[in-house]
Amino acid sequence: FFFFFFFSHFRSFEIFFHRNENSMDTKPLLRSEEIGEEKSYGVFSPGGHVYKWFVLGVVALICFGAYFAFDEIQPFDSEIQKTMEIDRFQFGALYSIYSFPNIVLVFFGGILGDKIGVRLAALIFVMFVFAGSVIVPLGVSLAAKGSISKSSGYIVMMIGRFVFGLGGESLNVIQTSMTAIWFVGTPHLALAMGLTLSMSRLGDWLALTFSPQIADILGGNFINALWVGVVFSGVSLLAVLAYSVMDKAAEKYYPDRKIDPEENSLNWKAILNFDPRFWIVSFLCMTYYSGVTPFITLANDFLKDVYHMNDTQAAFYSGIIILASMILSPILGKFLDVVGNRPYFVVLGSCMIIPSHFALGFTNMNPLWPIIFIGLSFSMVPGCLWPSIPLLTKSTETATAYGLMTAIQNLGLTLVNLVAGKIATDSYKEALAFFLVMDLLGLLLGFLLIYVDDYKGRTLCLASGKKVKEINLEQ
């Protein structure tokens, strides 16, 4: 860490002394307005610094409940298969019908956020999430009571997951855009995004870990536990409503945030002309997540089959990745806010995951340390990638950019999940070799990002909120 920190700052000093300040290729690319000093407001004024953190607390809850509702069916896979008389493939389809449409939907969800504003867009998407979270347990309940056939109940569940998917990923995009709107230009952008990410993963972790205990408390009936997801998605709905009130109250303090439908109309040419670093970051996000998320999906079976763990041990080890990311994301986010140099830490995070996958697939060492390093990497790399987008796009294009980035990520994850699942059926070693290929592609893109950002003026190496004298969005 010390060597990496020193090297990245040494490069900053070298560029400072050896580059021509007036050269067009050294002007940093930031917002279309100059970042100035924050004005003085009352402690609880909507224009004040403290108010931002209250808003962030509400924003963090938006996907907390949605993540819980999304993953609460996973611990009850056996019970659902038995009750609905379906097989493992049909259970997996409950995830596929959510994921596949979001290859496209998140892109248009981001466009909608820029077009009509994040408040209204969030309300639309959270209503889909809430409706979907109601329909899924409804299908199971009706089928279990005999009110409808098992096949009809399964169809109702599929409809519920599809409706949930119409809002779930787009809501995540809008949440990220909300965080960027409130914290871009401040020294806390990566910290803020790390906190929202931690809360989302907390919802995920609670669902995967404690849903069986919730079922026991509610009489040992897993269907009762599924209805708890409705309560959590209700938390997301209430958080969106609270955000709308708080954001509306702050409008007069931030007149530049006013939505202009004409100005924010979809411009395909502008999308095609996004900064090259945006495309590198997007495809880097796709390749990196393709090496982590499918591994998490396979981790339980992998640990049980290869390391002969029982269900409890396998769940504990595989949960370390999410738990580590949940705890470390805000800490590393604040660290990155201070030191900047995001492309360098992307490379460092990629260098952590490569030996971890190699150790799990091709050595007999204890899996604990490789899994811990995957968790550390999974905190660092996303903490560099997602906060980079507001530095590379105009404020009127932020949600569109996040939507497009998420669409590219989902395309990669959909394909990689299919390929990795097929390979793992025959050999876990070959599956981990496949993940290593994705890791190496991500590492190469990380080096490319360093090179291009260096050429473009090292915008992504700036500490969060660093003031600049000149703004250039035309490079």
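**Asking why: helices and salt bridges in a predicted model**

User: What makes Glu85 and Lys150 a salt bridge?

Analyst: Their closest N and O atoms are 3.7 Å apart. The term asks for a side-chain nitrogen of Lys or Arg within 4 Å of a carboxyl oxygen of Asp or Glu, so the pair qualifies. The two ends sit in distant parts of the chain, 65 residues apart: Glu85 is in the loop between α3 (77-84) and α4 (88-99), and Lys150 is in helix α7 (residues 150-183). By this rule the count comes to 5 salt bridges.

User: Before we go on, what kind of model is this?

Analyst: It's a predicted model, where local features need pLDDT of at least 70 and side-chain atom pairs count only at pLDDT 80 or more, while totals for chains, interfaces and linings use all residues. Residues are numbered from 1 along each chain as its sequence is written, and side-chain values use heavy atoms, leaving out hydrogens and water.

User: Why is Glu85 called exposed?

Analyst: Exposed means over 50% relative accessible area, buried means under 20%, and partly exposed is in between (1.4 Å probe, protein chains only). Glu85 has 59%, so exposed is the right word. Lys150, at 29%, counts as partly exposed.

User: And what about Arg277: buried or exposed?

Analyst: Buried, because its relative accessibility is 1%. Asp275 is buried too, at 4%. Over the protein chain, buried residues make up 56% of the 475 residues.

User: How do you know that Asp275, Arg277 and Asp453 belong to a network?

Analyst: Follow the salt bridges. Arg277 meets Asp275 at 2.9 Å, N to O, and Arg277 also pairs with Asp453, with the closest N and O atoms 2.7 Å apart. Arg277 lies in helix α11 (residues 276-306) and Asp453 in helix α17 (residues 428-456), so this pair ties together parts that are 176 residues apart in sequence.

User: How do you know that the span of α9 agrees with what a helix should give?

Analyst: Helices here are DSSP runs (H or I, at least four residues; strands are E, at least two), numbered from the N terminus. The expected span is 1.5 Å times one less than the number of residues. For the 28 residues of α9 (residues 222-249) that gives 40 Å, and the end C-alpha atoms are 42 Å apart, so the two agree.

User: How many helices and strands does the protein chain have?

Analyst: There are 17 helices and 0 strands.
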